[in-house]
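Please open the model in your viewer and keep the selection panel at hand. The stops below say what to select next and what is to be found there.

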Amino acid sequence: MAVPVGILTVSDKCSRGEAADTSGPALQRLLEEADGGASWAVAARQVVPDSAALIAETVRAWCGGGPGAGACGLVVVTGGTGISASDVTVQALEPLFTKRLGALATAMVVGSLRITPLAALSQVTAGVVGSTVVLAVPGSRKGAVENVQQILGVLPHAVDTARAVGGTRALHAADGAPARPAGGAAAPGQGQRRAVCGCARPDEGPGGPAPGLGGGVARRARRSPYEMIPVQAALELVLAHVALQPAEEVPLAQLRAGQVLAADVAMQEDVPGYPASVMDGYAVVAADGPGVYPVCAASAAGAGERRPLRPGEVARVATGAPVPPGADAVVMVEDTELAASTQAGDEELRVRILDGAQIAPGQNIRPVGFDLERGAVVARAGTVITAAGGEIGALATSGNRAFRVHRMPAVAVMSTGDEVTDTLGADPPAALPFGAIRDCNRPALLAALAALGCPAVDLGVVRDDPELLAGAIRGALATCQGVVTTGGVSMGERDWLKPVVEQRLGGTIHFGRVAMKPSKPTTFATVPGGQFVFALPGNPVSALVAFHMFVAPGLRKAAGHHLLLGSAAAAAAADPAAALGVLRPSVDAVFEGAEIALDRVRPEYVRGALAWDHAAARWVVRVADRRQQSSRMASMRGANALVSLPVGTDARPTVASGSRLTAIIIGAPHF
Ligand SMILES: Nc1nc2c(c(=O)[nH]1)N[C@H]1C(S)=C(S)[C@@H](COP(=O)(O)OP(=O)(O)OC[C@H]3O[C@@H](n4cnc5c(N)ncnc54)[C@H](O)[C@@H]3O)O[C@H]1N2
Ligand code: MOO
């Protein structure tokens, strides 16, 4: 039987649709035409951008766990093997290899060098992932085909051997879920956990079976089965899997800060729609010049026709009121004197335009369309509606009845845990029984969601019961784009969230641990309907830090904030990392304060107070609270930034005052 093959094209341009993928089809032809079609059958073909996380995720999803797993026996990755900074294919693949097939790679290179010396410039590699042979070849059609041609004779044997051995570890054996190469998409249940260890400390590596919903505590995993992935890779996975919300038409009254325009908005009319006075004064015929003139009319603000002005007359006008036809300038009241009034003394009969008054034609008049002309674009697609008011104000002038905006993602929020008592309900307990705690996660997350402008559904506190948890999440996903939970994601016997998401909801866990402090067990999944689940750690600081690090950027992407960059495809699909400046803004800041000892294993995100130093004209960040334990919500007080600390080394064990650090902005900086 022909061996199923996955072909993955790695190219920013192809994934944006700016270039056609010619290598993928050429490789498919080469393999399927070899041996008269007997050896290879392409089961999955996909294009991804040059993102290490997406490459690794796709290859893992296609790789089999053992004989009969039904996954690809061979995966060929084409592209991203050059020597430029964006070429990350080899870096993405090699950590996945359970066996290196160095000689196979050498055979490709040696054969290709006979054709062109340029073959020396690509990083061709080969190895085994699970029970699948994986090759990385150059991105050009010619290079890709020529490399694979060199080893066509030995490939069937290599693939047979890898399948029989099943790799060093049966990647999918844990939950018995067969790998399924499905048109290039990762199959449900194929998440981050199946990889080999990519972390810094042996005891932090993944191991043990996937957590199950039965079997008793004695059988639980004693090592987390989830690979601990870098923060950047986790972010890329979030941005790749959280979908941009569809656009809808809403009236002005329903626009909210945080929403993003999905279409350019054009002016339906001129503003102003009539020649308007800029000053309180007198409309005049400029050529009349200074002198005494009868006040023949008054134009206060308001709708209605205005009597035309004749030379030798003036008309009183208010700021913003129409300038009568015939007038071509407005003289401000300060440049006039009363010359005659009615007997009662309350109405002007004549005024003197003083010598020296400014009365050039057009003076103090905003002509029709002066602010914005009919047809002009008042706001471009991608514009974020801000709480500063400018966008809503400008749109209000446009004469449109409705505006096309991306829907805001509605998010359901749930705290989990038998020990957690509700703090938002009508009757929080006056005193806590022994072992109970007050819910501070849900209130904090609801506040943070409100600041983003996301509608939230409060799911309350749910007990540590898989059926209750699954029911509550399933119910919420019927109406919401995502659910954020806290608690129950670590190694405890009642930490149900991960198995509930995978086994009850059929979800795919894209990552279940992140190499960071705090928030290590942060979990991100999507369910078959496309909605997301962020299962955040229960420790309050860990929950809120994970929200700002991953959930908020994901929600901004869903709302369309990356469209501000101008190229939806580039930012959203092809290169999620490029959008980070908008989706998770940060600044370089000078750290001030007592020396901090760096964690030797995980990069740390310390709660910081970020302020603009007016004297030195630079950002300065201090630690918001000295006691940074992840249980201590109080350490988030006053925090408007997360200070990114690198992993410590012998050469750099601490950071001292004056060091430059990245401050991730989570609230308005102080000025
Ligand atoms: N054996 C291991 N234990 C733990 C690990 C580990 O790797 N191996 N990781 C630790 C880390 S790091 C974190 S973070 C926590 C995360 O645990 P869970 O997400 O499973 O959360 P819980 O166990 O349910 O709760 C942890 C902690 O937080 C309190 N909590 C929970 N919900 C709330 C809430 N809504 N408001 C206030 N406080 C809450 C809860 O009572 C616990 O004290 O796991 C470590 N353990
Ligand atoms: O990672 Mo946990 O979030 O340190 O407390």
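Which residues surround ligand 2? Select ligand 2 and display every residue near it, where near means that one of the residue's heavy atoms lies within 4 Å; the selection should return Pro518, Ser519, Lys520, Pro521, Asn539, Ser542, Arg602 and Ser630.

Before going further, please note that this is a predicted model, in which local features need pLDDT of at least 70 and side-chain atom pairs count only at pLDDT 80 or more, while totals for chains, interfaces and linings use all residues. Residues are numbered from 1 along each chain as its sequence is written, chains are lettered from A and ligands numbered from 1 in the order in which they are written, and side-chain values use heavy atoms, with hydrogens and water left out.

**Around ligand 2**

The shell of ligand 2 is made up of two nonpolar, four polar and two charged residues; here Ala, Val, Leu, Ile, Met, Phe, Trp, Tyr, Cys and Pro count as nonpolar, Asp, Glu, Lys and Arg as charged, and the others, Gly among them, as polar. Now look for polar contacts, that is, pairs of N or O atoms within 3.5 Å, with the added conditions within protein that one atom must be able to donate a hydrogen and the other to accept it, and that residues adjacent in sequence count only if both atoms are side-chain atoms. A backbone N or O atom of Ser519 is placed 2.4 Å from an oxygen atom of ligand 2, and a backbone N or O atom of Lys520 is 2.8 Å from an oxygen atom of this ligand. From Ser542 it is a polar side-chain atom that comes to 2.5 Å from an oxygen atom of ligand 2.

**The loop with Pro518 and Ser519**

Stay with Pro518, which belongs to the loop between strand 26 (513-514) and strand 27 (523-526); helices (H or I, at least four residues) and strands (E, at least two) are DSSP runs, numbered from the N terminus. The peptide bond that joins Lys517 to Pro518 is cis, with omega about 0°. Ser519, in the loop between strand 26 and strand 27, has a phi near 80°, a positive value in a residue other than glycine. Most residues other than glycine have a negative phi, and most peptide bonds are trans. With a relative accessibility of 2%, Ser519 counts as buried, where buried means under 20% relative accessible area, exposed over 50% and partly exposed in between (1.4 Å probe, protein chains only).

For another cis bond, select Val271 and Pro272, whose peptide bond has omega near -5°; Pro272 sits in the loop between strand 9 (265-266) and strand 10 (276-277).

**Around ligand 1**

Which residues are the closest to ligand 1? They are Glu419, Asp439, Ser490, Lys520 and Gly538, in a shell of 23 residues. Strand 20 (411-416), strand 22 (437-438) and helix 13 (540-559) each contribute at least two residues to this shell, which divides into eight nonpolar, ten polar and five charged residues. Polar side-chain atoms of Glu419 and Asp439 can be picked out next: the one of Glu419 lies 2.7 Å from an oxygen atom of ligand 1, and the one of Asp439 lies 2.7 Å from a nitrogen atom of the ligand.

**Salt bridges**

Keep Asp439 selected and add Arg442, since their side chains meet in a salt bridge (2.7 Å, N to O), a term for a side-chain nitrogen of Lys or Arg within 4 Å of a carboxyl oxygen of Asp or Glu. Both Arg442 and Asp439 are buried, and together with Asp422 and Asp458 they are linked in a network of salt bridges.

The structure holds 18 salt bridges, and one of them joins the side chains of Arg60 and Glu227 (2.9 Å, N to O). Arg60 lies in helix 3 (residues 52-62) and Glu227 in the loop between helix 7 (155-165) and strand 7 (228-229), so the pair ties together parts that are 167 residues apart in sequence. Arg60 is buried at a relative accessible area of 10%, and Glu227 is buried at 9%. If you colour helix 3 by accessibility, ten of its eleven residues are buried.

As a last stop, select Glu94 and Arg100, whose side chains meet in a salt bridge (3.3 Å, N to O). Glu94 is partly exposed, at a relative accessible area of 25%, whereas Arg100 is exposed, at 54%.
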